[in-house]
Amino acid sequence: MLSLLLDHQLQESVSFADAFFPIQYYVDDLNQWPDGQVPLHWHFGYEVFSATGQDVWLQIGDEQRLLRAGESVVVGGGQLHSYRLSAPGRPCLCPNIVFSEEVLAPLTGTVFQKYLRPLLSGPAISHVILSPLVPWQAEASRALFEVYGLLCGQPSILPPCPACPAVRPESSPCPELVVQQRLLQLFTLLYLRREELGRTPARRSGHRTQIRMQQMVRFIRCHYAEPLTLEQVAAAAGISRSEAGRCFQKYYRQSPMHYLLQCRLNAAQKLLQDDAVPVQEVAARCGFSDSSYFIKVFQKHLNLTPAAYRRRQAEKRKP
């Protein structure tokens, strides 16, 4: 299972191979994430994510929408976001890039301040959806997948572009220059069509709820191995039990205690990678006081007993 390196404020730690050209290419296999979902997170700079293989549930802040197969989303800096499988078990390799605004233009220069900043660098717009069914957006998608092709370098890790299946990994004597050109082409199209964009304003009213969520999530992640009550989780944010429930329903579509259970199960999956740790000890270290209950809950959520899960992981590690 995959995981994100998040701090107590849900900020992802993003590292770039080249600090002087800060852009990173990924292919997310959503089936490899716990429950088929990349957890809520945020970071500075832009993220562009493309749904390939199947529809993907997109969450920006507390809003959810279905990102259709073939669509891409451009997410502005500082926005809480998440992706989730719509059909677990089906192949779902989704290319995406995370990059600093400096890849496009100097932050203090005219190009960024006049043309780029109004698009996705302020509170007015949280994200933009690109559909291959709209001609100019299909053009933007082709530019995006050419960036993917330049950055990935291998056919096996570049899912096909729905708007242009012929786009393949490519090489260039000046890849950074071409990547910058294609990204500027994409953002030029966004700027020229800014009045037509299917865009969603970032809501200021959610800021207080986001802070509360960060406080409760941090508390749960630090103390999941201990006996926790809903009162303790709510107290971490200085709110009532009912308000804690509303916050989690708003952002996670689940209760605080179900989120706690997921944290414990995720931790258990990691510990089960070590064959030397008995199942009873795994249960105790993950906050389950009763190993029989742990086995029952684990099997219910992962369709495997802890022992069977351990055997499967051992098989995967064999050369």
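This report looks at salt bridges, two cysteines and one loop residue in a predicted model.

Residues are numbered from 1 along each chain as its sequence is written. Local features need pLDDT of at least 70 and side-chain atom pairs pLDDT 80 or more, while totals for chains, interfaces and linings use all residues, and side-chain values use heavy atoms, without hydrogens or water.

**Salt bridges**

Side chains of opposite charge can pair when their charged atoms come close. A salt bridge here is a side-chain nitrogen of Lys or Arg within 4 Å of a carboxyl oxygen of Asp or Glu. The structure holds 8 of them. The table lists some, with the distance between the closest N and O atoms.

| Acidic residue | Basic residue | Closest N and O atoms |
|---|---|---|
| Glu 71 | Arg 65 | 3.1 Å |
| Glu 231 | Arg 241 | 2.6 Å |
| Asp 275 | Arg 310 | 3.7 Å |

Take Arg 310 and Asp 275, joined by a salt bridge. This pair links distant parts of the chain, 35 residues apart. Arg 310 sits in helix α10, and Asp 275 in the loop between α7 (256–271) and α8 (279–285). Helices (H or I, at least four residues) and strands (E, at least two) are DSSP runs, numbered from the N terminus.

Burial is graded by relative accessible area: buried is under 20%, exposed is over 50%, and partly exposed is in between (1.4 Å probe, protein chains only). Arg 310 is buried at 13%. Asp 275 is partly exposed at 48%.

Glu 231 is partly exposed at 40%, and Arg 241 is partly exposed at 45%. Elsewhere, Arg 212, Glu 243 and Arg 246 form a network of salt bridges.

**Around Arg 65**

Arg 65 belongs to strand β5 (residues 63–67). Its relative accessibility is 30%, so Arg 65 counts as partly exposed. Its partner Glu 71 is buried, at 10%. Contact means heavy atoms within 4.5 Å. Not counting residues up to four places away in sequence, Arg 65 touches Val 56, Trp 57, Leu 58, Glu 71 and Ile 129.

**Thr 305 in its loop**

Thr 305 lies between α9 (291–302) and α10 (306–317). At 26% relative accessibility, Thr 305 is partly exposed. Beyond its neighbours within four places in sequence, Thr 305 contacts Phe 298 and Gln 299. Its C-alpha atom is 6.1 Å from that of Ile 295, 10 residues apart along the chain.

**Cysteines**

How many disulfides (cysteine sulfur pairs within 2.5 Å) does the structure hold? It holds 0. Cys 152 is buried at 9%, whereas Cys 222 is exposed at 54%.

Terms used. A disulfide is a pair of cysteine sulfur atoms within 2.5 Å.
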